[in-house]
Amino acid sequence: MTPHDPERAAALELVHRLRDVALRLDLAIGEFAKTTGLHGTDVRALVRLLDAERAGAEATPTWLAQQLGMTSQATTAVIHRLEAAGHVERRRSRTDGRSSHLQVSDSAIALGWQFFGPLLDQMVATTSTLTKSDQAIIANYLTALTQAID
């Protein structure tokens, strides 16, 4: 159903386009999971762990459970699967020697780049065609949408 208000309809069209992008990315993640023998949740865990590394944050098992919206028991199973496959390593915390954090292995990163590299290259090339101003507007929009969802 399309709203009668033209401004709302235009905004809703953007939301629908974003949803389409999200669904296509989810399909790519599903294909990666299938080709690597991972569960979809395992791939989502790897993505969140890589996000934490990019942000310079230590990702603990508790943090990962919160990010995935899962119980600690279910998250432990995910971590064990990822460790067994050689995709994640437990490391001692830099700030608290009593706890550990999770780090994605170099081999898992290489596997991810092998699969997602061409897609990421296309996405970066497309983004690079935008002006810095347009990129800033889109970044602000996506940040606001993330906050609205959270």
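In this predicted model, the second largest pocket has a volume of about 1000 Å³. A total of 23 residues line that pocket, and Leu18, Val21, Leu25, Ile138 and Leu142 sit closest to its centre. Three helices, H1, H5 and H6, each put at least two residues into the lining of the second largest pocket. H6 gives the largest share, with ten residues. Sorted by class, the lining of this second pocket comes out as 15 nonpolar, four polar and four charged residues.

The largest pocket, for its part, has a volume of about 1300 Å³. Its lining is made up of 31 residues, and those that lie nearest the centre are Ile29, Val47, Arg48, Asp51 and Arg54. Here the helices that each supply at least two lining residues are H1, helix H2 (40-55), helix H3 (61-68) and H5. The class count for the lining of the largest pocket is 21 nonpolar, four polar and six charged residues. As for how such spaces are found at all, rolling a probe the size of a water molecule over the atoms shows where empty space is left.

Some of the residues at the centre of the largest pocket turn up again among the salt bridges. Arg48, Asp51 and Arg54 are joined in a network of salt bridges. Within that network, arginine 48 pairs with aspartate 51, and their closest N and O atoms are 2.9 Å apart. Both of these residues belong to helix H2, where a spacing of three residues puts them about one turn of the helix apart. Are they buried or exposed? Arginine 48 has a relative accessible area of 29%, so it counts as partly exposed. Aspartate 51 is partly exposed too, because its relative accessibility is 24%, and the cut-off for buried is under 20%.

In total, the structure holds seven salt bridges, and helix H1 offers two more examples to look at. In one of them, the side chains of arginine 17 and glutamate 13 meet with an N to O distance of 3.0 Å. These two residues are four apart in the sequence of helix H1, so about one helical turn separates them. Arginine 17 counts as exposed because its relative accessibility is 54%, whereas glutamate 13, at 38%, is partly exposed. The other H1 example joins the side chains of aspartate 20 and arginine 24, with 2.8 Å from N to O. Again the partners are four residues apart in helix H1, so the spacing is about one helical turn. Aspartate 20 has a relative accessible area of 32% and is therefore partly exposed, while arginine 24 reaches 56% and is therefore exposed.

H1 also matters for a nonpolar patch on the surface, and that patch covers about 950 Å². The patch is built from Leu14, Val15, Leu18, Val21, Leu25, Trp113, Leu120, Met123, Leu130, Ile138, Tyr141 and Leu142. Helix H1 (6-36), helix H5 (106-128) and helix H6 (132-149) each bring at least two residues to it, and H1 provides the largest share, five residues. Some names in the patch will look familiar: Leu18, Val21, Leu25, Ile138 and Leu142 are the residues closest to the centre of the second largest pocket. Leucine 120, another member of the patch, lies in helix H5. Why can leucine 120 be counted in a surface patch? Its relative accessible area is 34%, and patch residues need over 30% and no salt bridge, so leucine 120 passes the area cut-off.

Stepping back to the chain as a whole, there are six helices and two strands. From the N terminus on, these elements follow the order α-α-α-α-β-β-α-α. The C-alpha atoms fill a box of roughly 55 × 30 × 30 Å along the principal axes. Of the 150 residues in the chain, 20% count as buried.

One pair of residues gives a feel for distances inside that box. Glutamine 73 is part of helix H4 (residues 72-84), and with a relative accessible area of 58% it counts as exposed. Aspartate 121 comes 48 residues away from glutamine 73 along the chain, and the C-alpha atoms of the two are separated by 37 Å.

Key. Residues are numbered from 1 along each chain as its sequence is written. This is a predicted model: local features need pLDDT of at least 70, side-chain atom pairs count only at pLDDT 80 or more; totals for chains, interfaces and linings use all residues. Side-chain values use heavy atoms; hydrogens and water are left out. Patches are made of residues with over 30% relative accessible area and no salt bridge: like charges are joined within 9 Å, nonpolar side chains (Val, Leu, Ile, Met, Phe, Trp, Tyr) within 5 Å. Accessible areas come from the Shrake-Rupley method with a 1.4 Å probe; for residues, only the protein chains shown count as cover. A salt bridge is a side-chain nitrogen of Lys or Arg within 4 Å of a carboxyl oxygen of Asp or Glu. Buried means under 20% relative accessible area, exposed over 50%, partly exposed in between (1.4 Å probe, protein chains only). On a 1 Å grid over the protein atoms alone, a cavity is a set of points where a 1.4 Å probe fits but cannot get out, and a pocket is an open set with protein on both sides within 12 Å along at least five of seven lines; lining residues have an atom within 4 Å of a point. Grid points are joined across faces, edges and corners, and a volume is the space filled by probe spheres set on the points. Ala, Val, Leu, Ile, Met, Phe, Trp, Tyr, Cys and Pro count as nonpolar, Asp, Glu, Lys and Arg as charged, and the others, Gly among them, as polar.
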